[in-house]
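User: I'm new to this structure and would like a close look at one part of it. Could you start with the cysteines and then walk me through the sheet and whatever packs on it?

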Amino acid sequence: MDSPFHYPDTTAIHTRLPNGLDIIIKEDHNADVVSLQAWCGAGSIHEDHWLGAGLSHILEHMLFKGTKKRQGPEIATQVQDVGGYINAYTSFDRTVYWIDAPSSGTETCLDVLLDVMTEATLPEDEYEKEQEVIRREFAMGFDDPDRMSSQLLFATAFQQHPYKYPVIGHLDIFNQLTREDVLAYYRRHYVPNNMLFVIVGDVDGARVREQISSHFQAYPRQVHSPPLILPEPAQLGRREAHQEFETQLTKMHLSWHIPNIAHPDMPALDVLAGILGQGRSSRLYRVIREEKQLAHSIGAYAYTPAHGGIFSVSATVDPDKRLAVEKAVHALIDELAQHGVRAAELEKAKKSCLVDMLSELTTMRGQANDLATNWMLSRNLDFTKDYLTAIHDVDAEAIRAVVTRYLRESNLTSVSLNPMGSLQDRAAGARDQETNGTRRVLLDNGLTLLLHEDHRVPLVAVRASFLGGLLLETEANSGLTQLASRCLIKGTESRDASELADAIEDVGGSLGANAGNNTFTVAAGCLEEDLPLALELVSDVLLHPSFPEAEIEREKIAQVASIKAESDHLVSLAVRRLRRELFGDHPYANVRVGTEDSVNQLNDRQAREFHRTCAVGANGVLAVYGAINASTAESLIREHFQSLPKGQRAFADVSAPARLSSSRTLDVTTDKQQAVLVRGFLGGAIDSEDRLALELIEEACSDMSSRLFMRIREEMGLAYYVSASQMLGLAPGAFYFYLGTDPQKLDDVEAALSEEVSKLAEHGLESHEFHRAKKTLLGKAEMDAQALGSRATIEGLDELYGFGHDYHQSLGERVEAISEDEIARVLRDYFHEKASITVRVSPAI
């Protein structure tokens, strides 16, 4: 096929000797220069059981230390004496030794090259010296952010393929190598049938070929079994690695796996690299460096070896701009995927590829390298010419196809090397950004909106929370909030319960409602494209519930069944009785699900009145978190919720329960075989200054390393389990200790618990308990806030309670500010000689 462009003469002659040695010679008499290269198919990926040792690299160094007929210094001297220059390099799949010289020195330089490839002696006295040289090379690499960031990239992107190992190796494995290991590697791989000699320049081809053939007559073909190299498995999810380093700027790489050089998509990927990041007019440079001024340097390239490679965007940035750069890169990629590439931009990139590749052919060394690479990768000396023809044929659709096919989030590896301390600073900064990134909007009807964009997954969580619960109920109507909230999703003026369920579940979403001690919530979850539907359904159940009588009766039956089931759990039974005794006539004496009698008396009129009073704007917060556009979401919410009545905020005046005048013990009998003991004290409110201290005390008394567990269960053997818990609310709640035991040990365990609680109140927590409780509390908080729905709930409730949606973000600072003395003070204030209620549940005698 005729080339669409002028391609230089690449006439070269390939010869394979009987021993398997490949020779490629190209006569070029345009300059009195020759490039002689010896390529061995032994690189770092071929080191077999020594993978990661850097065998190929140290062997490259040792080949210049002497042969059977030349001392080490003579090798370079003889080349330099004829005006030449000798060097070598090692890569993943090859080691290359090359000499550039005036053509008059061809015979001498070729003799040197043949000698080192076949007769190197690897002198023992030089081995240790060269090890030290390479250790210094390691040290220089350890100080080089470019090299270290590149190694981090390959170690992260490749999990199975030996590309994950640095060519130089790992120092600890390198240190285990001996000269004998290197010599054995030399003898195994530096054999004729694993070598290629390439000579380009002002030479007599026949004479050069004869010199090589004559030398190799003494070296027959050898058994050569290269190690099996398994392909890298398909990447199934984003990979990340971010490290700190002694540097001033962040080095970052965003990389995607791509096929090997022979794949038909590779020309389009090379052109894509030009479009995105090669030259000052490329998209990355123009937008990210020039317009947005986010990066000091940025570019893109496609690394395409014989095995699968990577397409990479690399940048040097200020550490606080790394995330912004990544976001901007993704935006440019999305723009390409959606709108394609302009014709002029495509032609410019294709010409740039042509110029880059042709420029390599202007020197003898460039031509030799091109011919050798073509042969090593494809066994086609004209591969570059054919490849450039393929690049010429790349069209806009091919660019869009490879963007979509390869530059996917699931195929992405993101790595960075950052200044010391910046990751910790960025973590704090990320929390700040997330706080600032949560848009708070107050609608005219008093409804507070929280909108937070999080595009990690294409999901959205919707949480509409309102004040309600126990403080609005009496003993006669306890369980109303639970019943009314559950019935919100049982029918509206336009949809029955089945239609509501079908509408959301047909798109894989969810819709539910439930109540707590202080609030009730309508929750929905969906894919990002189904947010309009989810908001429509949530607004429908909040604005237009029909409270069908049949559905209310059905839910009452279910709620009574849950009350009965709860009575089978002895701790729940004991806590219910504890609350009745502890709170007296305060609403907190009731429980969320109510009693059988109270629930059976509830009706649709009460549910409607509850809804009319509580499901109002001034009493609620609507949190929408996930893969949203905040502005679009706000517009949808205004459309659907503008008619929600404003109403009033509940609980304008919250009364506290009466103080206990004395301690009491209540014995409860059941038909169960085990016994339960609960001892409770009046606790703090959700806005109390003692709240966090009480939570730390709860943590310290609740795990399997707690003093209660170790003393009462492990040492004394008196209990099956022992722990502590709190009931938190808008009014002061309860703090209680509980345990399960053998009925025969109930008296002993009560005495032991009383003794341990007294010790706590008098002496406080020991230092190790105090610090463990802090770590546990913070760890649980981090884990609880991971999921979108959980975070939307947490931040929505914090806003509803008046703390602000970003309240939980400062938990770490507030916890760290608490001292052991403060814990001791709270223990004394709440537990030292304070009245308590003890409930003993045991079998009837």
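Analyst: Let's start with disulfides: searching the whole structure, which is a predicted model, turns up 0 of them. Take cysteine 614, which is in no disulfide; the nearest cysteine sulfur belongs to cysteine 487 and sits 15 Å away. For a disulfide, the two sulfur atoms would have to be within 2.5 Å, so that pair doesn't qualify. Cysteine 614 counts as buried, because its relative accessibility is 2% and the cut-off for buried is under 20%. Cysteine 701 is buried too, with a relative accessible area of 1%.

Now for the sheet. It's an open one made of 5 strands, and reading across, the order is 18-22-19-21-20, with mixed pairing. At the edges you'll find strand 18 (664-670) and strand 20 (721-727), each of which pairs on one side only. On average, neighbouring strands here are turned by 15° against each other, if you ignore direction.

Let's zoom in on one pair of strands. Strand 19 (residues 675-682) runs antiparallel to strand 21 (residues 734-741), and 8 bridges join the two. In general, strands of a sheet pair through backbone hydrogen bonds, in either a parallel or an antiparallel way. If you want a spot to look for, phenylalanine 681 stands opposite phenylalanine 735, which is in strand 21. What packs on this sheet? That's helix 27 (residues 746-763), which touches strand 18, strand 19, strand 21 and strand 22 (837-843). The direction of helix 27 makes about 30° with that of strand 19.

For a link to another part of the chain, try leucine 450, which lies in strand 13 (residues 448-453). Its C-alpha atom is 40 Å from that of valine 722, and the two residues are 272 apart along the chain. Leucine 450 counts as buried, at 0% relative accessibility. Leaving out residues up to four places away in sequence, leucine 450 touches a number of others, among them Arg439, Val621, Tyr625, Glu795 and His805.

One last stop is the second largest pocket, with a volume of about 890 Å³. It is lined by 27 residues, and the closest to its centre are Ile261, Ala302, Thr304, Met357 and Thr373. Helix 13 gives the most to that lining, with 6 residues. Other elements supply at least two residues each, including helix 9 (266-277), strand 9 (295-303) and helix 12 (343-359).

Notes:
Residues are numbered from 1 along each chain as its sequence is written. This is a predicted model: local features need pLDDT of at least 70, side-chain atom pairs count only at pLDDT 80 or more; totals for chains, interfaces and linings use all residues. Side-chain values use heavy atoms; hydrogens and water are left out. Buried means under 20% relative accessible area, exposed over 50%, partly exposed in between (1.4 Å probe, protein chains only). Helices (H or I, at least four residues) and strands (E, at least two) are DSSP runs, numbered from the N terminus. Contact means heavy atoms within 4.5 Å. Two strands pair if DSSP finds at least two bridges between them. Axes are lines fitted to C-alpha atoms, for helices over the stretch in contact, and angles run from 0 to 180 degrees between N-to-C directions. On a 1 Å grid over the protein atoms alone, a cavity is a set of points where a 1.4 Å probe fits but cannot get out, and a pocket is an open set with protein on both sides within 12 Å along at least five of seven lines; lining residues have an atom within 4 Å of a point. Grid points are joined across faces, edges and corners, and a volume is the space filled by probe spheres set on the points.
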